[in-house]
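Take a look at the model below. We will walk through it step by step.

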There are 2 protein chains.
Amino acid sequence: MVAMEARRPTSADVAARAGVSRTTVSFVLNDRPASISPATRERVLEAARELGYHPHAPARQLAGGSSHTLGLVLRQSAQQVAGDALLAETLRGVTNAARARGFRVIVEALDPNDGPYADLLRSGRADGVVISGPRLGDRELEALVAEGFPVVLQGSLPGLDAPSVDIDNRAGAKVAVAHLLSLGHRRIGCITNAPLAYTAAQERLEGYEAALREAGIEPQRTWIAEGAFDAPSGHRAMTELLGRSDLDAVFVASDVVAFGAIGALRSAHRRVPEDISVVGFDDIPLAAFFDPPLTTVHLPAYELGHAVGEALLDRISRAIVPRRTLLPTELVVRASTRGSPSTRSPRRDH
Amino acid sequence: MVAMEARRPTSADVAARAGVSRTTVSFVLNDRPASISPATRERVLEAARELGYHPHAPARQLAGGSSHTLGLVLRQSAQQVAGDALLAETLRGVTNAARARGFRVIVEALDPNDGPYADLLRSGRADGVVISGPRLGDRELEALVAEGFPVVLQGSLPGLDAPSVDIDNRAGAKVAVAHLLSLGHRRIGCITNAPLAYTAAQERLEGYEAALREAGIEPQRTWIAEGAFDAPSGHRAMTELLGRSDLDAVFVASDVVAFGAIGALRSAHRRVPEDISVVGFDDIPLAAFFDPPLTTVHLPAYELGHAVGEALLDRISRAIVPRRTLLPTELVVRASTRGSPSTRSPRRDH
DNA sequence: ACGCGTTACTGACGCGGGTTAGTCTGCGGA
DNA sequence: TCCGCAGACTAACCCGCGTCAGTAACGCGT
């Protein structure tokens, strides 16, 4: 026998070793409903074990199966990805949901606005894709949906006929502002988490406005400023707000942005929460350790990833998937909010 | 012609449409060094375009090619992943390095210590893997390396014969502490970023000790406390330190942990940097917006991911890969450090 | 007219495994 | 005795593509 390079064993090798046909091996290993005697089954299993046999995934897929792979496409810009403290959690959620059903996850982080990810699907490398942070006017995405590929959106994109999973931004923002109102605040500002072209920013702003209106307060233009993902933008927005209105509370639709906003308040010698209350949104891991610990809206990142993963898996297996799934958020009250000076002790009714 | 379900076109369809053989199609599409007349080449290209032809990746791989896929295995615990503010950047680095060479990335976030990831390689789904946060005593990893699969470590793991890419923890820590020394501090504490079983924690601690020794200071046992990834652990460690030594500076080997430590200092009414200087490590996006802005060691997360990705790609293409690559860090001086009270004005020589 | 090298292409096999349509054996019932 | 049938397997085809070993046509020098 000549020295041979170790070649990965194939099902034919297993068959030979067990003294059966390749077909039998396939039946045993895939638990097909065929009559195989227990003795033979055991021989095959043992041969496979001894040889360290692992089915060749591509061959299996070629033979008609699926790729058992999900694509996760991140459409956010590089800065957004870098600043997204919860992305890792969402990723864990998706991969775990996938693994639970025997799937893997290919991640595509598209740097610029380009990057053809459609090939993932068209080349049969993935059975479906999750689009995280879908952008308006994404021709590639529209084409994919039109061709009937399984696509699920994480986030929202009106006018696209694909299931989407998101957190309930509107409700979350509303609860945050309601909390501020319940503390007696009336002049409540808002700093958005992103430019309003982003639907999440729009939704959170709507929640803020709805809460005010329900309390009989008409939101003022001058109470609102735009943040843009990072702390510096929060600093700028807060400075802006400070310059044009006298607020007793602010709802900042992102913890990271709130971080910058609090910095601006500190520079202006306004104490939180004594002089002004601040509520954030996201509940990033560091939120509890801000100074002061930040009252914020908890965004279930892991669950979001898990839910979107499952939705995609359902679509792939042709199950019915709700057009739109909204995950609930939860208000986490910490120390950055307290009653407004005028109502500090006597709890005010309404 | 009967109504037929849209089937993905194959190279045979393209061949038929262009009036050539499948072989010719393959040659044209893969730019093989074969003599194909410009006219034919154009016909094939056009037929492919018209049909919307996309080669079937698994078939292509089966026919002898590689999977053109990298595996990225995250061995960190769920908490670590959640708290790792730089993970997203590293991920971007890896995926971009991969895409630049036509590769994709499958991410496996292993929740518990289990999770068989070896199958990624054995089933031919990936051509190689990056192991992020490798753990000692990982039998699966050892087996993979022994079998000669392309494996590159992100982080370090002594005693395993695989290339590794990491940042220079020791040098980074040393520079941080040297900075503190240059400001005149002498009683410098250290809070580790993680338990010392983690090599990165050990290396940073060594850098701290080396810097002190070079300055003729013998590090004291009582100056050192262990952190464990998150802010609360930093709070605990700082409280501990405060209770047993009188320090004028602290090197905290993780920004997140430093965040907790600063909270503890605040509780103890010790001002930063007036009473005590603090240097962090990692330079997470929020570090610049701490109160005070944190002096820290910048960890090039994107570059790290990129470098480890390239190292793996090199290994896959059988290029020579250095046994160990260390990326340089950079000290970023902000406002959490300044000269010790005793040396505030007169700059002290030594 | 013939040999010989290019140029331009094609036939057929193999990659590894799933699957359908059998084959062969043994046995119970009519 | 012979049919029918269930149990236990197997031969052969197919998935889509890369690739080696040809083959046919053509030009060219002698």
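What follows goes from the two protein chains, to the DNA strands, to one pair of helices.

Keep in mind that this is a predicted model. Start with the two protein chains. How does chain A lie on chain B? A turn of 180 degrees, with a shift of 0.0 Å along the axis, lays chain A on chain B with an RMSD of 0.1 Å. The two copies are therefore related as by a two-fold rotation axis. Both copies use the same surface: of the contact residues of chain A, 100% recur in chain B.

Now look at where the chains touch. Here 44 residues of chain A are in contact with 44 residues of chain B. Several elements of chain A give two or more residues to this side, namely the helices α4 (57-62), α5 (78-83), α6 (87-100), α7 (118-122) and α12 (255-267), plus the strand β2 (104-109). Which of them gives the most? That is α6(A), with 7 residues. Sort the chain A side by class and you find 22 nonpolar, 11 polar and 11 charged residues.

Next comes the DNA. Around DNA strand C there are 25 residues. The closest are T10(A), S11(A) and A63(A) from one chain, and S21(B) and S37(B) from the other. Helices α2 and α4 of chain A and α2 of chain B each supply at least two residues of the surface near strand C. That surface has 9 nonpolar, 14 polar and 2 charged residues.

Turn to DNA strand D. It is surrounded by 27 residues. The closest are S21(A), T10(B), S26(B), A59(B) and A63(B). Chain A supplies at least two residues of this surface from α2 (22-29), and chain B does so from each of α2 (22-29) and α4 (57-62). By class, the surface near strand D has 9 nonpolar, 15 polar and 3 charged residues.

Last, zoom in on chain B. Find helix α1 (residues 11-18) and helix α3 (residues 38-51). Their axes come within 9 Å and cross at roughly 125 degrees. Is that parallel or oblique? An angle between 115 and 145 degrees counts as oblique, so α1(B) is oblique to α3(B). The crossing is right-handed.

Which residues meet there? From α1(B) come D13(B), V14(B), R17(B) and A18(B). They meet R43(B), V44(B), A47(B), A48(B) and L51(B) of α3(B). This contact has 6 nonpolar and 3 charged residues, and no polar ones.

Methods:
Residues are numbered from 1 along each chain as its sequence is written. Chains are lettered from A and ligands numbered from 1 in the order in which they are written. This is a predicted model: local features need pLDDT of at least 70, side-chain atom pairs count only at pLDDT 80 or more; totals for chains, interfaces and linings use all residues. Axes are lines fitted to C-alpha atoms, for helices over the stretch in contact, and angles run from 0 to 180 degrees between N-to-C directions. Helices (H or I, at least four residues) and strands (E, at least two) are DSSP runs, numbered from the N terminus. Angles under 35 degrees count as roughly parallel, over 145 as roughly antiparallel, 65 to 115 as roughly perpendicular and the rest as oblique. A crossing is left-handed if the near helix is turned anticlockwise from the far one by less than a right angle, and right-handed if clockwise. Two residues are in contact if their C-beta atoms, placed from the backbone, lie within 7 Å. Ala, Val, Leu, Ile, Met, Phe, Trp, Tyr, Cys and Pro count as nonpolar, Asp, Glu, Lys and Arg as charged, and the others, Gly among them, as polar. A residue is near a molecule or strand if its C-beta atom, placed from the backbone, lies within 6 Å of it. Copies are superposed by least squares on the C-alpha atoms of residues with pLDDT of at least 70 in both.
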